[in-house]
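Reader: I should like to understand how the terms used for a structure are justified. Could the reasoning be set out step by step?

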Amino acid sequence: MKNSIIVAGNWKMNKTMAEAIAFFEVMDSLALNNVEAMIALPAIFASQIKSQFPNSNVKLALQNVSDKNNGAYTGEISASMIQSLDIPYCIVGHSERRSYYHETDELIFQKIKQCLAYQITPIFCIGETLEERELGKTFKVLKQQLERGLGDLNVSNVQHIYIAYEPIWAIGTGKTATTEQAQEVHLFIFEFLQEKYGTEIASQIPLLYGGSCNTTNAEALFSQPNIWGGLIGGASLDFNSFVELLEIGKKIIP
Ligand code: PGA
């Protein structure tokens, strides 16, 4: 069960190197208590941030990884490269990758396997479209994404995964799932994992909510029993709002 709140920023394709450094400089002076702070960086910033802030209280993630091990794949970044920088997390299967770059469940499964092979924790994203929700297909879609994305991973692998529920209709739109909608889906994910891998493993897998999560709605969302925190885009770009999200996390699990 959750014993900390996870506030994971996803910067997407935003900020310059100088802006990223300025953000981490201020972060370094903050006490985090039981909050786990994470930033998913644009890959090109990772090496410098890692070397300039070796003891940062912010955990680092990347936003994407190749499904291939290595070789002639121009522009791709492999899990072994991420591991060589000692970056412990990587987002996989974000809906923007699924829709703009045509990533399939099968490709996402390969990416998750690459991460696990190199001891990188994948933050595996799933979520339904507005149309799917309105047609009452939410749980069917999510179950399929979970089944295909986790494939035949065994218990020892799956316990190293984070899962983010990001309803596509809520990402960057200012529309958030209600706390009830979000909790309902998180419980569904927990029960899926429980059935497949057992209660002990399911209880260890952090489940994050993403989709217009911000300083106004985070407290209600993070207080839900099966929501461990958030994967936060827009509201993680501004330093003050990111810090406020961390403060909200501290209030929930002091
Ligand atoms: P948003 O993005 O918070 O800007 O909606 C969330 C995400 O895509 O991870």
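Author: A residue is called buried when its relative accessible area is under 20%. This model is a predicted one. C125 has 1% relative accessibility, so C125 counts as buried.

Reader: What makes C213 buried or exposed?

Author: The cut-off for buried is again under 20%. C213 stands at 4% relative accessibility and therefore counts as buried.

Reader: How do you know how many disulfides there are?

Author: A disulfide requires two cysteine sulfur atoms within 2.5 Å. By this rule the count is 0. For C125, the closest cysteine sulfur belongs to C90 and is 9.8 Å away, so the distance is too far for a bond. C213 is likewise in no disulfide, for the cysteine sulfur nearest to it, that of C125, lies 14 Å away.

Reader: Which contacts of the ligand with K12, G233 and G234 are called polar, and why?

Author: A polar contact is a pair of N or O atoms within 3.5 Å. A side-chain N or O atom of K12 is 2.7 Å from an oxygen atom of the ligand. For G233, a backbone N or O atom lies 2.9 Å from a ligand oxygen, and for G234 the corresponding backbone distance is 2.8 Å. Each of these pairs therefore meets the cut-off. The protein covers 95% of the 280 Å² of accessible area that the ligand has on its own.

Reader: What surrounds the ligand?

Author: The ligand is surrounded by 13 residues, and K12, H94, E166, G172 and S212 are the closest. By class, this shell holds 4 nonpolar, 7 polar and 2 charged residues. The space that the ligand takes is the second largest pocket.

How values were computed. Residues numbered from 1 in each chain as written. Predicted model: local features only at pLDDT ≥ 70, side-chain atom pairs only at ≥ 80, totals over all residues. Heavy atoms only, no water. Near = heavy atom within 4 Å. Polar contact = N/O pair within 3.5 Å; in protein donor to acceptor, adjacent residues only side chain to side chain. Areas by Shrake-Rupley, 256 points an atom, 1.4 Å probe, with all protein chains shown as cover. 1 Å grid on protein atoms, 1.4 Å probe; cavity = no way out; pocket = protein on both sides within 12 Å on 5 of 7 lines; lining within 4 Å. Sits in = over half its atoms within 2 Å of the grid points. Nonpolar A, V, L, I, M, F, W, Y, C, P; charged D, E, K, R; others polar. Buried < 20%, exposed > 50% of the residue type's maximum accessible area, 1.4 Å probe, protein only.
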